[in-house]
Amino acid sequence: MAADLSVIGTHKVKRIPNGESVELKSLWQDQNVAIVFFRRWGCMLCRLWAKELGEIAPILHKNNVKLIGVGVEEAGSKEFVEGKFFDGDLYYVEDMNTYQNLGFKRFNVISIITSLFWKQSREAIFKGRSMGLQSDLVGDGLQNGGAVFIQNGVENIFIQAGPGDRMPNMDILENFGLEHEYKPEMANQKRDNQECTKPKTSHWAVALRSCPLAPIHVIWAERKCKQTKV
């Protein structure tokens, strides 16, 4: 069932850092917007997406498209701001139902472990590490996110399939008819497939470090490795 933005627009978000409470619909009234709903402020994969968005932020700003980031909670937002990962306004939802009503998936402990070993997630983790991005354990790590793009009252909703899923910058620009301004050298050019393949043993530790429940996952990984050696 498609999300009803007329209803979701009445949900409240709080601005970071001053805590001002506003209705979501105020973010897209009388302006075109790209609103990214991040999984968790301390998530390295979210920080990677935020960094990638920085490459098209000047194009969006120049064409009067407001770039906005929303999180599930305030926890961890201070570090996200201080890290200068995102070139736009930041908010967090007052009620987690906002994410659910938008159709964003929520993982459990088992499914989040599995999703971190998808090819797409592993590649995002390796890319983030190569950029020097770090993660922390602050906040809710089970909620997935997505994005909402609104131009002249017409919306398009992107739903993440997994924690490493990011809408390509080219596709984001297409939502606003700005694809002609895209440069081929920009990051995040295509949406990788979401193939779930078993990584090499040397990749396990890297993937686990990005996980919000690392100790549990380490135990699980060690057992899995022992099973494969038998």
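## Strand pairing

In this predicted model, strands β3 and β4 pair in the parallel sense. Six bridges link them. One bridge sets V36 against G69 of β4. On to β5: β4 pairs with it in the parallel sense too, over four bridges. Here G69 stands opposite L90 of β5. So G69 appears in both pairings, because its partners are V36 and L90 of β5. The chain reaches β5 from β4 by way of α4, and this β-α-β crossover is right-handed.

β3 also pairs with β6. These two strands run antiparallel, joined by five bridges. Across from A34 in this pairing stands F149 of β6.

## Covered strands

How many residues of β3 are buried? Six of its six are, and the strand is mostly covered. Both faces of β3 are shielded. N32, A34 and V36 are buried on one side. V33, I35 and F37 are buried on the other.

β4 is similarly placed within the fold: six of its seven residues are buried, so the rest of the structure largely encloses the strand.

## The largest core

The largest nonpolar core holds 37 residues. Which of them touch the most other members? They are F38, W49, L60, F80, F86 and F149. Several elements supply at least two residues each, among them the strands β3 (32-37), β4 (65-71), β5 (89-93) and β6 (146-151). Helices do so as well, including α2 (44-53), α3 (57-62), α7 (119-130) and α8 (169-174). The largest share, seven residues, comes from α2. In general, nonpolar side chains in soluble globular proteins tend to be buried together.

A second core lies separate from this one. It has 21 residues, including I35, V70, Y99 and I150.

## Helix α2 and residue F149

Why is α2 described as largely enclosed by the rest of the structure? Because nine of its 10 residues are buried. The buried residues are M44, L45, C46, R47, L48, W49, A50, E52 and L53. W49 is also one of the core residues that touch the most other members.

F149 is another of those core residues. Beyond its neighbours within four places in sequence, F149 is in contact with V33 and A34. Its other contacts of this kind are V154, E155, N156, F158, M167, I172, N175 and F176. A34 is also the residue that stands opposite F149 in the pairing of β3 with β6.

## Aromatic rings

The structure holds 11 aromatic pairs. One of them joins F38 and W41: the ring centres are 6.0 Å apart and the planes meet at 50°, so the pair is tilted. F38 is buried, with a relative accessible area of 1%. W41 is buried as well, at 2%.

W41 also pairs with F80. This pair is tilted, with 4.8 Å from centre to centre and 50° between the planes. What does the pair tie together? W41 lies in the loop between β3 and α2, while F80 sits in helix α4 (residues 77-82), so the contact ties parts that are 39 residues apart in sequence. F80 counts as buried, at 1% relative accessibility.

These rings belong to one aromatic cluster. Its members are F38, W41, W49, F80, F85, F86 and F158. Cluster and core overlap: F38, W49, F80 and F86 are also among the core residues that touch the most other members.

## The whole chain

The chain has 230 residues, and 50% of them are buried. It contains 10 helices and seven strands. Take the contacts between residues at least 6 apart in sequence: 72% of these join residues at least 24 apart. The exposed area of the chain is about 10900 Å². Carbon and sulfur atoms supply 52% of that area.

Definitions and conventions: Residues numbered from 1 in each chain as written. Predicted model: local features only at pLDDT ≥ 70, side-chain atom pairs only at ≥ 80, totals over all residues. Heavy atoms only, no water. Core = buried A, V, L, I, M, F, W, Y, C linked by side-chain atoms within 4.5 Å. Buried < 20%, exposed > 50% of the residue type's maximum accessible area, 1.4 Å probe, protein only. Contact = heavy atoms within 4.5 Å. Areas by Shrake-Rupley, 256 points an atom, 1.4 Å probe, with all protein chains shown as cover. Phe/Tyr/Trp six-rings, centres within 6.5 Å; stacked < 30°, edge-to-face > 60°. Pairing = 2+ DSSP bridges. Right-handed = clockwise from strand over helix to strand, strands pointing away.
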